[in-house]
Amino acid sequence: MIANLVQLASEGEEQNPLVPPGPELLVGTIAFAIVFFFFWKKLLPNINKVLEERRAAIEGGIEEAEAMKVEAQSVLEQYKAQLAEARHEAARLRQEAQEQGAALIAEMRAEGQRQREEIVAAGHAQIEADRKAASSALRQDVGKLATELAGKLVGESLEDHARQSRVIDRFLDELEEKAEATR
């Protein structure tokens with residue numbers, strides 16, 4: 001067939017611009033076959049190998065990214081769980097502190113109340129002791145003054161202590177009974 005084309009071209013027919021001359025067509029076909037064979041045997045496997053490596057690297061990167069995403073999600077869940085646990089623990093500690101504070105306040109109030117009662121009791125005891133001491137001192141002073149006054153009125157000395165004490169005690173007792181009766 002190629003020979004027929006070559007013969008037709010040489011007969012002198014007018015050359016078609018779309019169809020190249022026969023020898024050029026033959027040389028071009030052989031060159032194309034050589035280049036095609038070279039690409040097919042040498043370059044195409046290398047290109048496919050590089051493309052396969054890139055595809056594997058991309059898929060590996062995607063798988064690694066998905067694995068990291070899953071791991072990050074797991075870490076996030078752990079963090080959220082730890083945060084919730086920490087919040088719960090903080091709330092529990094706050095509650096305990098409030099309870100301890102309330103107990104401490106109640107204890108301090110009770111202690112303060114007890115101390116106040118002790119102070120009031122000691123004050124009452126001191127007042128009672130002071131009142132008795134003042135009453136005793138007043139009895140002695142009033143007794144002396146009354147004895148001196150009675151001695152001046154009578155004109156004799158009333159130095160007998162036993163009699164003097166009885167008279168004074170009786171006089172003061174009568175005064176106290178009159179004072180209580182008027183209350």
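Is Glu 89 buried, partly exposed or exposed, and what is its relative accessible area? In this predicted model, Glu 89 is partly exposed, with a relative accessible area of 33%. The surroundings of this residue are taken up below, after an outline of the chain.

The chain contains three helices and zero strands, and its elements follow the pattern α-α-α along the sequence. The mean pLDDT over the chain is 83, and 86% of the residues reach at least 70. Confidence is not uniform across the elements: helix 2, spanning residues 22-154, has the highest mean, 89, whereas helix 1, spanning residues 2-10, has the lowest, 54. Of the 183 residues in the chain, 4% are buried. The accessible surface amounts to about 16,100 Å², and carbon and sulfur atoms account for 62% of that area.

Seven salt bridges were counted. One of them joins Glu 89 to Arg 92, with 2.2 Å between the closest N and O atoms. Both residues belong to helix 2 and are three residues apart, which corresponds to about one turn of the helix. Arg 92 has a relative accessibility of 35% and is therefore classed as partly exposed, since the class lies between the 20% and 50% limits. Arg 92 also forms a salt bridge with Glu 96, where the closest N and O atoms are 2.3 Å apart. Glu 96 and Arg 92 are four residues apart in helix 2, so about one helical turn separates them. Glu 96, at 32% relative accessibility, counts as partly exposed. Arg 92 thus has a salt-bridge partner in Glu 89 and another in Glu 96.

A further salt bridge connects the side chains of Glu 111 and Arg 114, at an N to O distance of 2.4 Å. These two residues are likewise placed in helix 2, three residues apart, or about one turn of the helix. Glu 111 is partly exposed at 30% relative accessibility, and Arg 114 is partly exposed at 35%. In addition, salt bridges link Glu 52, Arg 55 and Glu 59 in a network.

Three aromatic pairs were found in a search of the whole structure. In one of them, the ring centres of Phe 32 and Phe 36 are 6.1 Å apart and the ring planes meet at 25°, so the pair is stacked. The angle falls in the stacked class because that class takes planes under 30 degrees apart. Phe 32 and Phe 36 are four residues apart in helix 2, a separation of about one helical turn. Phe 32 is exposed, its relative accessible area being 59%. Another pair, Phe 38 with Phe 39, is tilted, with 6.4 Å from centre to centre and 50° between the planes. Phe 38 is partly exposed, with a relative accessible area of 46%, and Phe 39 is partly exposed as well, with 41%.

The residues of the salt bridges described in detail fall in a single exposure class. Glu 89, Arg 92, Glu 96, Glu 111 and Arg 114 are each partly exposed. Among the aromatic residues, Phe 32 is exposed, while Phe 38 and Phe 39 are partly exposed.

Note on methods: Residues are numbered from 1 along each chain as its sequence is written. This is a predicted model: local features need pLDDT of at least 70, side-chain atom pairs count only at pLDDT 80 or more; totals for chains, interfaces and linings use all residues. Side-chain values use heavy atoms; hydrogens and water are left out. pLDDT is the predictor's confidence in each residue, from 0 to 100. Buried means under 20% relative accessible area, exposed over 50%, partly exposed in between (1.4 Å probe, protein chains only). Accessible areas come from the Shrake-Rupley method with a 1.4 Å probe; for residues, only the protein chains shown count as cover. A salt bridge is a side-chain nitrogen of Lys or Arg within 4 Å of a carboxyl oxygen of Asp or Glu. Rings of Phe, Tyr and Trp (its six-membered ring) pair if their centres lie within 6.5 Å; planes under 30 degrees apart count as stacked, over 60 as edge-to-face and the rest as tilted.
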